[in-house]
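Student: I would like a close look at one part of this model, the place where the two chains meet and the charged side chains found there. Please take me through it slowly, and then into the interior of the protein.

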Amino acid sequence: MSDTSAAPAAPAPPPFTAAERAILDALMDLMIPASPDGRMPSAQSLALYAQTAGLTAAEAATFRGGLADLDARAQAARGAGFAALDPAAAQAIVAALRAERSAFLHAFTLHTAARYLAHDAVMPLIGLEPRASWPRGHAVAEGDWSLIEVVRARPRLYRAV
Amino acid sequence: MNNDPVDLLIIGAGAAGAAFAWSMADTRMRILCLEQGEWMNPAQYPSTGRDGELRHLREFSFNPNVRGRATDYPVNGSASPIQIANFNGVGGGTVLYAAHFPRFHPSDFRVRTCDGVADDWPVDYATLEPFFAENDRMMGVAGLAGDPAYPPKAVPLPPVPLGASGERLAAAFNQLGWHWWPSDSAIATRPYEGRDRCVNLGPCTSGCAQGAKGSTDITYWPEAIRRGVQLRTRARVREITVGADGMANGAVYYDEHGREQFQAAHVVVLACNGIGTPRLMLNSVSGRFPNGIANSSGQVGRNLMLHPYASVMGTFPERLDGQFGPAGCCIWSQEFYETDRARGFVRGYTMEIIRGRGALTTAMNGLASGQIPWGPGFHEAFGRLFAHSAGMVAILEDLPEAHNRVTLDPVLKDGDGIPAPAIHYTLSENSRRMLDHAVARATEVLRAAGATEVHAEAPWRAAGWHNMGTARMGSDPARSVVDARGRAHDVKNLFIIDGSIFVTSGGVNPTSTIQALALYIADGMKRNLANLFD
């Protein structure tokens with residue numbers, strides 16, 4: 001049997017520019033800021049987009065187009081780049097994107113949540129070991145099988161035909 | 001490419017094609033299966049990496065339009081509230097299924113007799129029972145004998161663990177006096193036939209890296225190939241061809257390089273699922289069959305049944321850690337399975353407990369539903385849901401309706417230029433009432449279990465896993481496509497063995513019944529080889 005279930009890993013798209021990173025940082029701070037008690041780090045502080053590995057070329061293009069669009073909207077509405085907006089103004093632009101079912105916003109949300117929740121610094125904080133499931137797997141309790149006896153004693157449920 | 005004629009050409013290497021090929025290997029005929037997808041490599045399944053959940057939502061998505069692999073074909077689902085889910089590769093849908101393995105019930109084959117709706121099947125539970133049992137053994141089914149919702153049956157392996165979620169819900173079902181039972185699951189809970197035991201990776205639905213889940217690439221196919229069956233991957237069939245005598249004589253397909261090939265065969269067997277099979281039949285147009293092969297009845301593509309799902313999840317104060325363990329397989333309830341007209345609908349549904357959901361799935365579902373906000377509230381809301389959620393899906397019996405159908409999209413095509421399927425589907429009033437009932441009962445049991453919040457999606461848009469009825473069985477050639485032995489009424493050497501031939505859908509996952517039916521059809525062919533074309 002040949003190993004054909006996945007194509008060879010494609011090279012990562014070119015890294016984001018400093019300007020794109022600034023918009024991404026602002027957006028990450030809007031989505032996942034640090035928790036009020038400081039226990040959970042902000043997404044921005046974890047440098048989740050320091051490199052573009054994990055994005056397909058199409059996703060990277062969606063990101064770049066979306067970031068440029070965000071900046072253009074900010075300029076049109078406030079005369080400033082998105083990264084310079086106050087949180088309320090930035091949230092208003094994000095809300096508009098959400099209402100439009102923006103493909104960029106969906107991709108950004110998915111990748112940001114994925115990178116954040118699988119980060120070494122975050123997994124232990126949400127009760128997970130920082131590792132893949134396989135090969136060690138996980139323990140699951142058998143549970144109380146005595147609960148089934150009352151069901152076993154029930155009369156037949158299925159219809160005779 | 002060696003396209004020498006074969007005795008038996010099977011198209012599709014999924015649940016049905018694998019079981020059928022394995023059984024027919026007894027005959028020592030020249031058997032070839034063409035599969036548009038590839039062999040999967042379990043070492044590359046998502047649970048082998050930290051980014052597993054992300055990969056499950058992208059290249060391992062149930063939805064072929066999201067997955068977008070070169071081996072997939074697109075599906076136009078714009079005219080359906082339920083999106084088609086499938087997988088194209090050796091093992092087919094069993095690569096990504098949850099491994100739920102319930103059988104249909106005796107009454108599921110006698111819907112007209114029992115309830116005066118739809119049609120009875122031309123085959124019954126008792127006839128299929130030996131094939132259910134053989135299939136359970138081959139797929140390695142875990143469960144517990146003694147379920148009062150079924151006729152007595154043996155189960156090869158002990159059940160999957162209850163876990164915290166299952167125990168809590170089981171106690172709640174008991175409190176309400178409702179039925180529950182450990183799910184029949186094609187999961188090796190002990191080492192079984194060369195498969196290692198389940199180690200509770202969690203996301204069975206993105207492929208099992210452990211090899212504990214019974215997908216047909218690791219159950220039937222290795223044995224079938226060892227017994228001489230040939231399996232050719234990256235072979236996408238465009239059409240079934242017919243000779244001057246009206247018999248099928250082979251298939252035109254595209255190889256992995258996109259080159260057109262022709263494979264001649266004496267018998268052709270379709271196993272492409274309830275969407276792919278009618279698509280192929282409708283694409284197989286000839287002077288003799290201007291509306292698609294074996295479609296003199298006009299029934300090919302019609303009567304599509306999708307099993308509307310209700311997804312109902314509860315939030316619990318204490319940590320349940322339901323992200324571990326077989327995600328979909330735990331316990332089920334068939335309290336509302338058989339018809340009770342006082343409920344306002346006919347037929348019924350199964351509740352299947354979902355242990356919980358992974359971190360990313362929890363976040364994405366919560367963000368989409370509004371349960372998790374952007375901003376400072378993210379952490380509190382996520383922490384309330386993740387590892388604290390458990391719930392269930394309700395699988396509703398979907399009755400056949402002629403207007404629910406698969407057609408060929410006039411514009412959309414796959415990578416080889418073959419017209420793609422378009423889905424035309426609406427929920428019936430019976431299904432809407434049943435969905436309302438299922439959400440209410442699920443909420444009731446989740447509250448009894450201690451859920452502080454309950455969130456429902458009904459119908460569950462993404463849940464078009466079960467595609468049935470689009471080339472149904474029957475004795476009347478004017479109202480059905482194949483006979484009781486799976487043979488097309490119009491073409492004596494064309495057989496269909498997948499969920500397309502279901503007459504009704506039951507209220508359970510169909511894989512067990514699809515495979516039992518495939519084994520039954522193979523058995524019939526083997527018994528009647530000398531007179532197969534009479």
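Tutor: A salt bridge here is a side-chain nitrogen of Lys or Arg within 4 Å of a carboxyl oxygen of Asp or Glu. With that rule in hand, and keeping in mind that this is a predicted model, we can begin with R159(A) and D115(B), whose side chains meet in a salt bridge with 2.9 Å from N to O. This pair crosses between chains, running from R159(A) in the segment after α5 (149-152) of chain A to D115(B) in helix α4 of chain B. The two partners differ in how much of their surface is accessible, for R159(A) is partly exposed at 22% relative accessibility, whereas D115(B) is buried, with a relative accessible area of 6%. D115(B) counts as buried because its value lies under the 20% limit for that class. The pair also belongs to a wider arrangement, since R159(A), D108(B), D115(B), E338(B), R347(B) and E397(B) are linked in a network of salt bridges.

Now to the interface around this pair. Between chain B and chain A the count is 5 salt bridges, while the search of the whole structure, over all chains, finds 39. In addition, 26 residue pairs are in polar contact across the interface of chain B and chain A, both residues being at pLDDT 80 or more. On the side of chain B that touches chain A, at least two residues are supplied by each of α4 (111-115), α6 (163-176), β4 (181-182), α9 (359-369) and α10 (378-385). Sorted by class, that side of chain B has 38 nonpolar, 19 polar and 12 charged residues. Taken as a whole, 69 residues of chain B are in contact with 68 residues of chain A, and the two chains bury about 5500 Å² between them, 65% of it on carbon and sulfur atoms. Within chain B, the residues that lose the most area to chain A are R50(B), W374(B) and H379(B), which together account for 17% of what that side buries.

Two further salt bridges lie within chain B. The side chains of E129(B) and R103(B) meet at 3.1 Å, N to O, and this pair links distant parts of the chain, with E129(B) in helix α5 (residues 125-139) and R103(B) in the loop between β3 (76-79) and α4, 26 residues apart. Here E129(B) is partly exposed at 26% relative accessibility, while R103(B) is buried, with a relative accessible area of 1%. R110(B) forms a salt bridge with D124(B), the closest N and O atoms being 4.0 Å apart. R110(B) lies in the loop between β3 and α4 of chain B and D124(B) in the loop between α4 and α5, 14 residues apart, and D124(B) counts as partly exposed at 27% relative accessibility.

Finally, the interior. The largest nonpolar core has 147 residues, of which I11(B), F20(B), L169(B), W221(B) and I240(B) touch the most other members. Helix α12 (residues 511-527) of chain B gives the most to this core, with 9 residues. Leaving aside neighbours within four places in sequence, I11(B) is in contact with a set of residues including L34(B), V237(B), I240(B), V268(B), L270(B) and L280(B). A second, separate core of 54 residues includes F63(A), L85(A), A90(A) and I93(A).

Technical notes
Residues numbered from 1 in each chain as written. Chains lettered and ligands numbered in written order. Predicted model: local features only at pLDDT ≥ 70, side-chain atom pairs only at ≥ 80, totals over all residues. Heavy atoms only, no water. Contact = heavy atoms within 4.5 Å. Buried area = accessible area lost by both parts, 1.4 Å probe. Polar contact = N/O pair within 3.5 Å; in protein donor to acceptor, adjacent residues only side chain to side chain. Helix = DSSP H or I, 4+ residues; strand = E, 2+ residues; numbered from the N terminus. Nonpolar A, V, L, I, M, F, W, Y, C, P; charged D, E, K, R; others polar. Buried < 20%, exposed > 50% of the residue type's maximum accessible area, 1.4 Å probe, protein only. Core = buried A, V, L, I, M, F, W, Y, C linked by side-chain atoms within 4.5 Å.
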